[in-house]
Each structure stands twice: as structure tokens, then as C-alpha cells.
Amino acid sequence: MSQSYNRGLIEDFGRWKEFKAGMWAWIFHKFTGWMLIGYLFTHIAVLSTAIGAASGDPAMIQAETDVYTTTLQGLEDLFIIRVLEVGLLAVAVFHILNGLRLLMVDLGIGLEAQDKSFYASLILTGVITVASVPTFLSGVGL
Amino acid sequence: MAERYSSFAPGGTAWLLQRITAAFLVVVLAFHFFQLHFVNHAYEVTFLGTQARMQNVGYFLTMVLFLIAGAFHGVNGVYNALVNQGLDGTPKKVVLAVLVIAGGALIVQGTYVALAMAGWT
Amino acid sequence: MYEHDVIVVGAGGAGLRAAIAAHEAGADTALVSKLHPVRSHTGAAEGGINAALQEGDDWELHAYDTMKGSDYLGDAPAVETLAQDAPEETMHLEHWGMPFSREEDGRVSQRPFGGLSYPRTTYAGAETGHHLLHTMYEQVVKRGIQVYDEWYVMNLATTDEPDPNDRECHGVVAYDVQSGNIEGFKANQGVVLATGGPGQAFDHTTNAVSCTGDGHAMAYRAGAPLEDMEFIQFHPTSLPSTGVLISEGVRGEGGILYNSEGERFMFEYGYANNSGELASRDVVARAELTEVDEGRGIEDEYVHLDMRHLGEERIMDRLENILHLAEDFEGVDGLVEPMPVKPGQHYAMGGIETDENGQTCINGLYAAGECACVSVHGGNRLGGNALPELIVFGKRAGRHAAGDDLGEPEIRTGYGDDAEDEDDTEFPVTPGKAGLDEVDEAIAADGGVAADAEGLLERAVERERARVDRLLDRDEGVQHAEIRSKLQQAMTDYVNVFRTEDGIKKALKIIRECRQEYQNVYVDDPSRTFNTDLQHTIETRNLIDVAETIALGALVRNEFRGAHWRQENQIRDDENWLKHTMVSWDGGEPSVWYRPVILEGQDKTYEPKERSY
Amino acid sequence: MKGAQSPQDRRLAEKESGAIDEESEKRAELEGETVHIKVFRYDPEVEGKQEPRFDDFHVPFKKGMTVLDAVMYARDEYDSSLTFRHSCRQAVCGSDAFFVNGKQRLGCKTQISDLEQPVRIEPLPHQEVVKDLVVDMSHFYDQMHAVEPYFQDEDTPDVSDLEEQRQSPENREKIKMSSRCIWCGACMSSCNIAAGDNKYLGPAAINKAYKFAMDDRESEEIKEHRLRILEQEHGVWRCQTQFSCTEVCPKDIPLTEHIQELKREAVKKNLKFW
Ligand SMILES: Cc1cc2nc3c(=O)[nH]c(=O)nc-3n(C[C@H](O)[C@H](O)[C@H](O)COP(=O)(O)OP(=O)(O)OC[C@H]3O[C@@H](n4cnc5c(N)ncnc54)[C@H](O)[C@@H]3O)c2cc1C
Ligand code: HEM
Ligand code: SF4
Ligand code: F3S
Ligand code: FES
């Protein structure tokens, strides 16, 4: 057969301007999914300090100076962590909302409105994220 | 020639479990966020508080299930994403093995952490 | 070289059916098609398949309607075979899963169609041809029949006995469009041509760009006569800008034609006082053009087809795709406004002369479908009669090619005792070959060197390779597109719905010019890969041959019958013209002759009656 | 009209809201002008075309001109080596799916006046390019054939007594949309998953299978067999509901919906075994 020419995947995503709702939803869902599983690993790693705390000195636990408490509160004192937390919330909320949208699609409900439900997920994510900023940033030692 | 797909390799179970875990995760993840960011603020978390919650068997079980569901959901999701992009053959088997081990390790470690939190170690 | 028992050229409805039948009869069968099967123009048929299925209807009525519709130029054995076999073949399609439209009780629906005395048109929505084509292609896939898709068949490999009736066809030469390779296909038992219509000979047509009469031209140059070529059906309802067809189904369901005055002219001016819009196609087409000519057309070009009164539900249910067509190709919403329509070339009643078994006068050469003329449609085809022709005669051709005994045919083929020569008409120019350097392409003038089929095929392949090299090597001259559009324009101007002697003569002259210009044709694209320029250039050569036979037939037949109207003699002349027009290539010096129509059926004779609707 | 909003309804709604009037105004504006098209060129054999490039053509605009009309004009008037598939000019043969301004569309069904200029016309992505706008469709055909797209029933009852198999109008309606596919390949080309996973059956093949899977005339046994083909690893499960296929299908087939329905069918069938 004759030679042929394939434009490959890179150029594909170069056409993002032409992507429609369903495609964006897929990309965002994928992105947020990876963030969440990545976070889950980190989360467990951080929480593993609890093992140290549990096997450490009970007095320190009482004094709230055990490794677990100090690590967590130390992290929480960092502004950047708070911002990241807001990001995580946004990611999780979008993943949840779009996940619900996908579950609906799986059940064959409202397929005609799939684009609208994607936009709704986006907007709701934005609203929830903004609304939760005060809670997340309260008490941070800047 | 036409590739005939005669070998019976169903993907339906994983697909279904991904949905079921998703449905479960919606509930617990919302609960989790609410609990640790709105009811108790994250910056106020102490080992004592954590221990108090963990010692409740219901909460403990929920969290472990949450972990298992999350690990499966996440790892399976990652695996699917890679297969979707054409992962095949030996690399695919390797990736699957790595992911299963990582997922397993995550669950074991996480459960161990939870036990430690509850002080049952 | 490829070798099969039966080679079917063309994979539209007729070709697919022939291939399935040949395969079922045990032959190693292959389909060779310039388009992938599902791209064939059969997919465009909208209206339906006529078959006497219901109680109260029977094949004899169907045969009678067909004969009447043909203006008594159909051959009774063919017409009766069609009517008899159509029901079974239609049922076959149903059992193969074709999604026919259904009645409440689960039976297939049938609807009325122009020229039919009973509602016997079976349909699948407004996309009957699409479903027929796909259903049969599915069966081809199921049976694992070899398909060479995007192989363009350039010529036949036929022996060169002086009398075409003695010739034999041993295969075809084709080139792989994708790679440009030219190869021979040896057919041990038979070659079935199913290459579809020649619509591209005209400028405004409902036919696809691929309908270039290749099969006609190849068989013609190999010695098989072309029959009744002057009978071209113009469909009364095609969209003015593209030629896209608005199915007769619209009128079948009750759509109405209006002129610019808002008059229902079919009744108002007495074109068809009984059937009105449902009169046969030629009647409606002429009525429309008369309206336009007399100043009652819209924008001096078209009339209106209105279906709004049928109501949205009925339209959505049965004619939904018409809405899409009008919207996408003409920008008109059929639910809100009437649709503009005008006549366009639609169907060729004539074609390669065959008998009821699909065989031509050349041994081992068969033809079926629109490229063939068994003669069921005679002077005019009824709507819904082409699809059953594909499956009925496609099947017969396939079976016969594969060696099944179908009995002695009643229709004769080839120039023989019953032939009557034409020698009254004066041709304005000599038709046929334009130059001496042109090799007679279809028959292997090998002087007996190639004794066996293989040798014959090899020589045919050599010849075609040389032809392609010649076309590609030349770097100047004319391009085919120029010739083609000149040809199409001439046909549309002079050999259209209304025909005059002067006009047809003009057309013949222009065709002659096209032929001469073609001597200098060149292909600009030097590539062997997917060279559509080359393919179209070869097709244009075929169109010239076919257009010439249409014009010749139109010139000699000085009467008004079926779709063929002549200004000089606007009556049907049964005295002189109950005969088929035949054109033979005769080694490049075309001759016109006639053969009588067979009106004696199985147990009755069809007496010509006035065709009034 | 009943039920969900069909594409036809959508178009009608648009018409009422005046969107279509704007379109026709736009068309009228173009009258007498030329349309600028940029066409992808590539030929493995011809010097200067081996490296893909875009050629510009300026085609005189006529009312009702489609993308196909424009490339045909460019071919016939300017460059006869410009190569593309086309045949019916009426959206039934499925030959001329191109990538027009970043979207898979049928050339003959796309009014050029509805597009931003210059109109960029390329071959379908994710299929190998043979020449200019012609892509190699063989993988697409392979996938279509892989779902065994034909009636399976072997014991075809005797047709000589002219009995049809009964099918309710409702059932016919159910498979109606799926049976409209013209094998243009637009959906497959638009699907990101099909691009990555060569074994994925793809929306068109799955839709083809849907037609048979939902047809009441097929026997239960065969339906099960077909579900097995569909639910292997590279079958329905690969679909990530991107909806791109549904978006581009020129026959308005609700592909995603059909795929999802088959996923549920497959799950239901598996649950029976548990
Ligand atoms: C718009 C429209 C609507 C119609 N509606 C109806 C209707 O409702 N009812 C009805 O009965 N009839 C209808 N007809 C008529 C009917 O559809 C056609 O007559 C019929 O489909 C022709 O079928 P075919 O198999 O002979 O040819 P086609 O379907 O045209 O197939 C021709 C085949 O030959 C191949 N081919 C051609 N040349 C070559 C070559 N050189 N080498 C290799 N392969 C070649 C092509 O690739 C193609 O596969 C309609 C026709 C049109 C145009
Ligand atoms: C809380 C509710 C959640 C819902 C409703 C949900 C829903 C879904 C769904 C339906 C999918 C499948 C998408 C598809 O196959 O088309 C998916 C994918 C995924 N989810 Fe979740 N999920 C949730 C939480 C989580 C969590 C907590 C994690 C991390 C541990 C996670 C990680 C992933 C990953 C990695 C994917 C794969 C993404 C991809 O396609 O690449 N999800 N989710
Ligand atoms: S499903 Fe639609 S887009 Fe896909 S091949 Fe069929 S007609 Fe084309
Ligand atoms: S675009 Fe692809 S992912 Fe599914 S919905 Fe269509 S097949
Ligand atoms: S040319 Fe046939 S679909 Fe466009």
C-alpha cells in the first residue's frame, strides 16, 4: 500500500478550540480523577504520622505535640496548603458533580441535555468553591 | 482482515464497580469533607479528636470502606484511562500489576493507619 | 492476475444480489466495484419496491400496470418474470433483516405509487434503497464473498470473432484506485455487469457522480447492442439547485403540485384528470415544463410541491427524510412552506440488451440492474419498479452465470433474423470512432494469437496499461472536465424532456466534437496513487459513447412514446414503432437497427391501449 | 411531538427564533463573492506533495453552495489533481466526510456560507491519509465487520409461502435511527478513545450492532452472542461518553445513547449469571 501520513494525538489536542461540552467534560473529569487519586496517596502518607503518634508518648498526645497533630497543624498553618485545599475542594466537587452527570448518562437519563448538565456542573463547582473560601481560610496564620 | 473478537474478556464488572463505588463515594466523600472542613476545621484536627472519631466502629468501618472504594475507583480509573489510550500487550500487564500492588499497598497502609488512629494496634 | 468463477462488476443492489445468488449456486464469486459497496447509488432510492404481496393484489395486475406504464415497449416475458418473482425476492430481503415499515399487526406496509392500480409499494421509511443496499451488503459479508472495493473496471476481455454472437467474455481488466495497479480478473464462468445508470451524461440529474455508464460503454464496445437508449426518465420532483430527488412518496402520500398562480395544474389544465399528481413520471415532468414554458413557473424555473396539509405527524412518520433533504440541500422547510421542484434526469430505461436470464449476446457476459435492458420498463419505468428489477434479475443473472439452469429464454439477444435495419434516417455526422489511431478497446484484436483465456486477458491488461501510460504521459491538450461539461450541457439542452429533430442533430454534432477533442485529452495528475483525474477521464470516454447512443435513438424514433417525446410527431405510433431501438458499436462504426417488442405473455397478449391516467 | 427533542425539532426551534433567518442573510451577503478555502494536500508519490501542505483556492460563491461543491469547483477549474471521495451529493453514500474547520462534516451536507472563512478542509483525523482528502477506511470497515453485522438466523423460514416475520411498528421505530448509518466514519474519527485504542470497536460499529441487538426478529440466543462481542474489553466499555460522535454524526444518530443502552444490556445480562 501507499505511504501514509498520520497526524497523531498531539495535534489532536491542538484543536481544543473545537472541543464540545462532552469532550471538555471528559478532559476535566480525567484530570480531576487523577488529582484525586494522587491526593489519596499523599493523604494516606501524611496520615501515616498517626502510627508514630499512636506508638509515641501519650503525654504528647495530651499536649497536642505528637507528630500527627503537629504535622497536620503545621501544614494547616501554611497559606499555600489552604489554597491547595480550596483547589482540592474544587477538583473534588467538579468530579462529584460531573460524576453524577456521568452516572445519569449511564442510566440513559437526560442525554439530550448532556451539554447543559456539564455547564451546570461547572457553574455549581465555581459557586461551591467560592462559597467555601472563608471556611477554608479561617484561622490561617498568615 | 477483519479482527474478530471471539475471546470472551468482559469489561462489564469493572465498569459496573466503577459506577457503584462512584455512587458510594459521592455520599462518603461529601460526608468526609463536611466533617473535616466544616464541622471540625482541618486546622483544629488533633490526634485526640481523630482517635475519638475513629474509635466509633461505624465511623471506622465507613472510613475503611471509603478507602477501599476510593482506592479501587481511583486505580481502576487510572488503568482504564491508560487502556483507552491504547496501552496493550506486556506494558499493559505490567501497569496492571503495578497498579494492583499500589492500590493494595494503599489499602493496607490506610487500614493500618486507621487502626493506629483508633488505638487498636 | 486474479481468478474467480463469477466476477460481478458493480456492487449496487443488482451486483450484490447477483453475487449472493452466484455464491449460493456454488460458484467462487467476487465483486469488483469502483466504490465500496455501501457507497453505491442504490442507497439513494427513497420510494420503495413494488411487489404484489397482499391478498387482492396479484402478479398479473403488477405485470399489467408495468406493461401499461412502459407504453407497450416492455417485453412480456421480462415484465411477467419481474411481477412473478418480486414478491418472493422482497420477502427474502425481509428475512435478511431489512427494516421495512410496518403495519400495526406487524406486517410490512405497502403504499400507493404513481401508475399502480393497487398499493403495492413496499418501503422502509423514505430510505428504501439505503436499507436494501445495506441489508444485501450485510449478507455478502456474512457469506464471506470476496469484495475488491475501489477497483475501477476499465474494460472487458472478450474474444474478437466478427459476429458478436460468437464472442466470449473471459474476464475484466481493472485498476486498483488506491495504488494504480492494473490487473486482470479472469472469470471462469461469467462476468456480470451491474454498473448502474448513465445519469452523468446529463447536466441536471438525480444520479450520483459515479453513474457514468461504464458498463454500458464496455459491453457496447465489446459488441453487445444497447437497447432503447433514448428512453430517459426525467423525475418530476428534483430540487432545482442540486438535482436531489424528492421522492414520489410525497405525492403518494398526497402531496400536491402548484404553479405560480397557486393552481393545482395537473387537474386544472387537464394533464391527468384521473390520477393528477400520481400520473406517471413523464406525464408529470412534461406538465411541469409546460407550465414553466407557458409562464406559470416560479422564477421561470420550477413549480411547487406542497405537503404541509398532510400534517406534521404523518410527515414525520413517513417522509421525515424529505424534510431533511429540502432543508439541507435547498434551505426550505417542508413543514412550513412548499418545496421547489423541477424535472431532472433520473433513470435510463434502456441499457445493455439481455434476456430474462441476464445474458447478453456475448457468451459469458451478463448484465443486470439499471445498466441492463431486459426490457421491463420499455418506454417508461414506473416508480418502485427498479428496485425489484435489481433483485429479480440480479439474482437470475448471478445464478445463470454460476451455471444454474433457468430454462431457455424467450427473449432473443444480438443481431439476428428478426432484426430490421435502420436506413431512413440521415445522421448529421458519422457517429463512432473519431480517429484511426484509436484501438478498438474492448475486443482483443489478437489475430488468433491468444488462444486461451489467460493469454487473452494478459493482452487486454497490456492494452489498458498502455492506455493509462498514454494518458499520464501526455502533458498538454484538453482536460476531461471541459469535455464532460460540454457533453452534459448538449444533452440537457437538446435531448431533454422535449426533443426536436434539429436539437438532437445539434447534440450529435457536439458529441462528435467531444469525441474529437477527447483524442487530445490528458491527465494532469502524474500520480498513480488514487488518481481520480485518471478515473474520471476514462469515465468521460464512456459517457461520450453512451450519450451518442441516447441521441441516436432519440433521433431515429420519430414518435412520442413513454418518456420519449418528439415535437415532429407527438403521437404514439403503434403502426411503426412497436419495436426496440438497438445500437451496435460494430467495431467503431455504430449501426442502428430494430427488434420487435414481445407482447405475448404467458397466457395473454398485452393489447396496446391508450395510456391515460 | 412526543418525547425528547430531536435534531429536527432543534432546527425548527432555531428557525422560529430567527437563527436561520440570520443564516440566510449571511448567505445572501456572500452572493457574488468568492469563498476562500484551504485544502490539505499530500501525495506520497509526487514531489512537493510528500510533505503535507495547504493549498488556497478562491471559489466563486453561489447560493446553496456546499463544501463539496467548492472542492469540486476547485478541482474542475483550478487543479485536477485535487483528490477526494464523493458520489451521491445527497448525504447517502457517506464518501465525503472531511475535517472542515476542525469538525468532522459531510462535505455535501455542509453549506459553505455557514462557516468561518478561510474554510480549512482536511482529511478525517485518525485515519491514515492516502492522498489529499482521501483516508484509508480499511480499519473502519474492519471494525464494522467485527460486530458480525448481519442477520444471524440460519433457519430462514421458507419464503415461497410469502410470510414475513412480524415486527411491531414500535420495534421498527426503536431501530430506526440506528439503521440510518451511512458508514461515513465521521464518528469514529471524532472519538478520542478510538484514536488511542485501535481495537476499540468505535461508535459506528457499536451502533450497527445495536440495530441487530434491538431487532425483535433476531432470536435470544443470537442476541446473547452479539452482546458477547460487544462487551469484550475493547467493546462498549471503552466508550467514555465523550459525545463527540453524536455531535458529528450527519445522520443525527444518537450514538452515545445507543452505546449506553448496550452497556446496560450487557450488565443486566451478566447480573443474571451472578
Ligand atoms: C434518487 C433516486 C431515487 C430512486 N428511487 C427509486 C425507488 O424508490 N424505487 C425504485 O424502484 N427505484 C428507484 N430508483 C432507481 C434505482 O435506485 C436504480 O435504478 C438502482 O438503484 C440501480 O441499481 P444498480 O445496482 O443497477 O446500480 P448502482 O446502485 O448505481 O450501482 C452501480 C455499481 O457499479 C459500480 N461501478 C460502476 N462503474 C464501475 C466500473 N467501471 N468498475 C467497477 N465498478 C463500477 C459502482 O461502484 C456501484 O457499486 C431511484 C434512483 C435514484 C437516483
Ligand atoms: C465522590 C464521588 C465520585 C464520583 C461520583 C466519581 C465518579 C466517577 C466516574 C463515573 C468515573 C468514570 C468515568 C468514566 O469511566 O467515564 C470516575 C473516574 C475516576 N475517578 Fe471518580 N468519582 C468520585 C470520586 C473519586 C475519588 C475520591 C477519586 C480518587 C481517589 C476518584 C478518582 C477517579 C479516577 C482516577 C478516575 C478515572 C479518570 C479517568 O478517566 O482518567 N474519583 N469517577
Ligand atoms: S454513525 Fe453517523 S457518523 Fe458514524 S459512520 Fe454512521 S453515519 Fe457516519
Ligand atoms: S465519541 Fe467516543 S467515547 Fe463514546 S460517546 Fe462517542 S464513542
Ligand atoms: S457525496 Fe455521498 S455522502 Fe456526500
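For the classification used here, Ala, Val, Leu, Ile, Met, Phe, Trp, Tyr, Cys and Pro count as nonpolar, Asp, Glu, Lys and Arg as charged, and the others, Gly among them, as polar. The model is predicted, so that local features need pLDDT of at least 70 and side-chain atom pairs count only at pLDDT 80 or more, whereas totals for chains, interfaces and linings use all residues. Residues are numbered from 1 along each chain as its sequence is written, chains are lettered from A and ligands numbered from 1 in the order in which they are written, and side-chain values use heavy atoms, with hydrogens and water left out.

The shell around ligand 3 comprises twelve nonpolar residues, one polar residue and no charged residue. Of these 13 residues, taken as near when one of their heavy atoms lies within 4 Å, Cys181(D), Cys184(D), Gly185(D), Cys187(D) and Cys249(D) come nearest to the ligand. Around ligand 4 there are likewise 13 residues, of which Cys191(D), Tyr200(D), Cys239(D), Gln240(D) and Cys245(D) come nearest. Two or more residues of that shell are given by each of α10 (244-248) and α11 (255-273) of chain D, helices and strands being DSSP runs numbered from the N terminus (H or I, at least four residues, for helices; E, at least two, for strands). The shell around ligand 4 divides into eight nonpolar and five polar residues, with no charged residue.

Chain D contains eleven helices and seven strands, and 64% of its 274 residues are buried, where buried means under 20% relative accessible area, exposed over 50%, and partly exposed in between (1.4 Å probe, protein chains only). With contact defined as heavy atoms within 4.5 Å, residues 24 or more positions apart account for 65% of the contacts in chain D that have a separation of 6 or more.

Among the five pairs of chains that touch, chains C and D share the most contacts, with 71 residues of chain D in contact with 76 residues of chain C. The area buried between these two chains, that is, the accessible area (1.4 Å probe) lost on putting them together, summed over both, is about 6,200 Å², and carbon and sulfur atoms give 49% of it. Eleven salt bridges are found across this interface, a salt bridge being a side-chain nitrogen of Lys or Arg within 4 Å of a carboxyl oxygen of Asp or Glu. One of the salt bridges joins Glu320(C) to Arg180(D), with the closest N and O atoms 3.7 Å apart. Chains B and C, by contrast, do not touch, and their nearest C-alpha atoms are 11 Å apart.

Within chain C, helix α5 (residues 214-222) is largely enclosed by the rest of the structure, because nine of its nine residues are buried. The helix is followed by Gly223(C), whose phi is positive, near 120°.

Over all chains, the whole structure holds 74 salt bridges. In the pair formed by Asp418(C) and Arg595(C), the closest N and O atoms are 2.7 Å apart; the partners are 177 residues apart, with Asp418(C) in the loop between α11 (386-401) and β18 (420-421) of chain C and Arg595(C) in strand β20 (residues 591-596). Asp418(C) is partly exposed at 27% relative accessibility, whereas Arg595(C) is buried at 5%. Glu548(C) and Arg515(C) form a further salt bridge, with the closest N and O atoms 2.9 Å apart. Because Glu548(C) lies in helix α15 (residues 532-556) and Arg515(C) in helix α14 (residues 501-518) of chain C, this pair ties together parts that are 33 residues apart in sequence.
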